[in-house]
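Thank you all for coming. I would like to take a few minutes to walk through one structure, and I will put the sequence and the model up now so that you can follow along.

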Amino acid sequence: MTLAKLAATVEARRDADPEASWTAKLLAQGPEKCAEKFGEEAVEAIIEAVKGDTARLTSEAADVLYHLLVMCAARGVTLADIEAELTARETQSGLEEKRSR
Ligand SMILES: N=c1c2ncn([C@@H]3O[C@H](COP(=O)(O)OP(=O)(O)OP(=O)(O)O)[C@@H](O)[C@H]3O)c2ncn1[C@@H]1O[C@H](COP(=O)(O)O)[C@@H](O)[C@H]1O
């Protein structure tokens with residue numbers, strides 16, 4: 001499953017039945033709820049990263065990516081928007097960017 005395919009699924013679920021789709025259920029509860037859920041999943045991934053369980057970290061990282069897409073979708077931010085932002089940063093190293101602030 002690519003991120004592009006997952007983002008398309010999230011978008012397609014926007015008008016789905018909240019009883020039949022977790023994505024639809026989350027989106028129906030609004031951007032704040034989506035953000036809260038993303039935060040929970042991020043913390044779970046942090047815990048696994050600190051513990052060093054790579055299988056559980058992989059699983060939690062997948063949850064984080066999915067919930068990031070849902071949170072962004074709730075505010076109308078698409079994967080294409082995020083990719084455009086990453087592309088704009090492509091020629092500048094992170095250290096260079098920090099020095100220029
Ligand atoms: N990638 C995911 C995905 N990752 C996590 N989740 C759901 O996110 C929910 C997280 O809820 P909880 O925090 O209660 O679960 P949890 O973190 O396991 O909770 P604890 O056991 O830790 O307390 C669970 O219901 C997971 O199934 C996901 N739900 C959907 N997707 C993708 O989205 C597609 C569409 O899903 P629906 O919208 O449900 O049709 C699916 O086909 C998948 O590709």
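**A walk through the model**

Let me begin with a histidine: His67 is found in helix α4, and please keep in mind throughout that what you see is a predicted model. Is His67 buried or exposed? It counts as buried, because its relative accessibility is 5% and the cut-off for that class is under 20%. If we set aside residues up to four places away in sequence, His67 touches Trp22, Leu26, Lys37, Phe38 and Glu41, and several of those names will come back when I turn to the ligand.

Staying in helix α4, we also have Glu60, which at 8% relative accessibility counts as buried. Leaving aside its neighbours within four places in sequence, Glu60 is in contact with Glu41, Glu44, Ala45 and Glu48, so that Glu41 appears both in this list and among the residues that His67 touches. For a sense of distance, the C-alpha atoms of Glu60 and Ala49 are 9.4 Å apart in space, with the two positions 11 residues apart in sequence numbering.

Let me step back to the whole chain. Its secondary structure comes to 6 helices and 0 strands, and read along the sequence the pattern is α-α-α-α-α-α. The C-alpha atoms fill a box of roughly 50 × 35 × 25 Å along the principal axes, and of the 101 residues, 25% count as buried. The chain exposes about 7000 Å², of which carbon and sulfur atoms supply 57%. As for contacts with a separation of 6 or more, residues 24 or more positions apart account for 54% of them.

Now to the interior. In soluble globular proteins, nonpolar side chains tend to be buried together. Here the largest nonpolar core has 11 residues, including Leu6, Val10, Leu26, Tyr66, Leu69 and Leu79. Which helices each supply at least two residues of this core? They are α1, α2 and α4, and it is α4 that gives the most, with 4 residues. Taking Leu69 as one example, and leaving aside its neighbours within four places in sequence, we find it in contact with Leu3, Leu6, Ala7, Val10 and Leu79.

By way of contrast, consider the start of the chain, where Met1 is found in the segment before α1. Met1 counts as exposed, because its relative accessibility is 73% and the cut-off for that class is over 50%. The C-alpha atoms of Met1 and Ala16, which are 15 residues apart along the chain, are separated by 21 Å.

Finally, the ligand. There are 13 residues around it, and those that come nearest are Arg13, Ser21, Trp22, Thr23 and Lys37; Trp22 and Lys37 are also among the residues that His67 touches. By class, the shell has 4 nonpolar, 4 polar and 5 charged residues. Looking at individual atoms, a polar side-chain atom of Arg13 lies 2.8 Å from an oxygen atom of the ligand, and an N or O atom in the side chain of Glu41 is 3.4 Å from a ligand oxygen. On the nitrogen side, an N or O atom in the side chain of Asp63 is 3.5 Å from a nitrogen atom of the ligand. Taken alone the ligand exposes 850 Å², and the protein buries 51% of that. The elements that give two or more residues to the shell are α1, α2, α3 and α4.

Notes. Residues are numbered from 1 along each chain as its sequence is written. This is a predicted model: local features need pLDDT of at least 70, side-chain atom pairs count only at pLDDT 80 or more; totals for chains, interfaces and linings use all residues. Side-chain values use heavy atoms; hydrogens and water are left out. A residue is near a molecule or strand if one of its heavy atoms lies within 4 Å of it. A polar contact is a pair of N or O atoms within 3.5 Å; within protein, one must be able to donate a hydrogen and the other to accept it, and residues adjacent in sequence count only if both atoms are side-chain atoms. Accessible areas come from the Shrake-Rupley method with a 1.4 Å probe; for residues, only the protein chains shown count as cover. Ala, Val, Leu, Ile, Met, Phe, Trp, Tyr, Cys and Pro count as nonpolar, Asp, Glu, Lys and Arg as charged, and the others, Gly among them, as polar. A nonpolar core is a set of buried Ala, Val, Leu, Ile, Met, Phe, Trp, Tyr and Cys residues joined through side-chain atoms within 4.5 Å. Buried means under 20% relative accessible area, exposed over 50%, partly exposed in between (1.4 Å probe, protein chains only). Contact means heavy atoms within 4.5 Å.
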